[in-house]
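User: Please take a close look at the aromatic contacts in this model and at what surrounds them. A connected account is enough.

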Amino acid sequence: MAAVRVLVVDDSAFMRVMISRLLGQDPALEVVGVARDGEEALAQVKALCPDVITLDVEMPKMGGLEFLSRLMAYRPTPVVMLSSLTQAGAEITVEALGLGAVDFVPKPSQATAIHQVANELVTKVKRASKAKVTPLPPSREPERLRSPLDSARFAQVTAEVASWDRVLIIGASTGGPRALRHVLKALPGDLPAAVLIVQHMPPGFTRSLAQHLDQCAALQVREAVAGDRLERGVALVAPGGYHMIPDRDGGIRLDQGPAVNGVRPSVDVTLLGAAAVHGGRAIAVVLTGMGHDGTDGARALKRAGGIVLAEHESTCVVYGMPRSVIEAGLADEVVPLDQMAEAIIRHLNPASAGG
């Protein structure tokens, strides 16, 4: 099998050398070029056609975000960001993931300690090489909200449902921030459900993710905190490092118990809690991601009478989590990303989803 061809983009000569050296130690990877800014990187992409790009965010001339925007329009390529562990670094990283970056690796505060994340960097570059990065189709406005009559009926349904009577749980991993933004942008602010979002992401980044989603969605989106309660039209994002578990009193509990499926937060943990508490009033949406987190929870939810939607392979960056759910026979519908919001609304509306 041919080695994965990697382009290293960083404004620091030291980091270009160190990252190239770390990646080059793995026989499955080949560093085919380096670039010091976005302009040079675009030229290298055209000349070298790399399989994966590692990208620093803060660069002169053309920064990482502008480079990403141009790259995704010109030649969509898997990108692994190298991000500082500052709040500003988290915000830029989340924006980059929304633009199409596949994954990120938090950089140590000292550049000389880059070897501390060598294994993570190598692993994520290899994973990124298998990701499918394509331009997303435009969000489709849900059919039921296109006419004033349908909109009025939807508002009536909303008014009749208790504030947290229906619960929508969305789980995602690799490629998730972009998919989440795509789905949430198409959902109405008066959605007749409380929303719980579980995105595999470390502490320090989920708050920026929630803020980023809040800016583009009609729903209110925020990172969950202790004492939060389910509320119609509000989406709570599980904090990095915490499982988010629905309680019987309509609240949520944040738990630092052991990782499940190697992650915390885990989609399974939230879905298992939702199955026990909300049963048939819950809808699960499993989006792009590696592995099988969400499958056990989806099984429990189905047994309790809930609905499970899985993203279609054609729009997944990584067809892992949805595939596991689908192959287990748990998906009520398999839906491309641009149709997911419409499917959610169809199942949330008791008149069309059967209650």
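Analyst: A charge is taken to sit over a ring if NZ of Lys or CZ of Arg is within 6 Å of the ring centre and within 35 degrees of the ring normal. In this predicted model, K124 meets that description: K124 lies over the face of F104, 5.5 Å from the ring centre. The ring of F104 also takes part in an aromatic pair, and a search of the whole structure finds one such pair. Its partner is F205; the ring centres are 4.5 Å apart and the planes are at 45 degrees, so the pair is tilted, given that under 30 degrees would count as stacked and over 60 as edge-to-face. The two residues come from distant parts of the chain, 101 residues apart. F104 belongs to strand β5 (residues 103–106), while F205 is in the loop between β7 (194–199) and α8 (206–216). F104 is buried, at 4% relative accessibility, and F205 is buried as well, with a relative accessible area of 2%.

Strand β7, which precedes the loop of F205, is also among the elements that cover the buried residues of helix α9. Eight of the eleven residues of α9 (residues 267–277) are buried, so this helix is largely enclosed by the rest of the structure. Among the buried residues are V267, V269, L271 and A275. Besides β7, the cover includes β6 (167–172), β10 (243–246), β12 (282–286), α10 (295–303) and α11 (321–327). At the start of α9, a side-chain oxygen of S266 comes to within 3.1 Å of the backbone nitrogen of D268, and D268 is itself buried. After the helix comes G279, with a positive phi near 50 degrees.

Notes
Residues are numbered from 1 along each chain as its sequence is written. This is a predicted model: local features need pLDDT of at least 70, side-chain atom pairs count only at pLDDT 80 or more; totals for chains, interfaces and linings use all residues. Side-chain values use heavy atoms; hydrogens and water are left out. Rings of Phe, Tyr and Trp (its six-membered ring) pair if their centres lie within 6.5 Å; planes under 30 degrees apart count as stacked, over 60 as edge-to-face and the rest as tilted. Helices (H or I, at least four residues) and strands (E, at least two) are DSSP runs, numbered from the N terminus. Buried means under 20% relative accessible area, exposed over 50%, partly exposed in between (1.4 Å probe, protein chains only). Contact means heavy atoms within 4.5 Å. A polar contact is a pair of N or O atoms within 3.5 Å; within protein, one must be able to donate a hydrogen and the other to accept it, and residues adjacent in sequence count only if both atoms are side-chain atoms.
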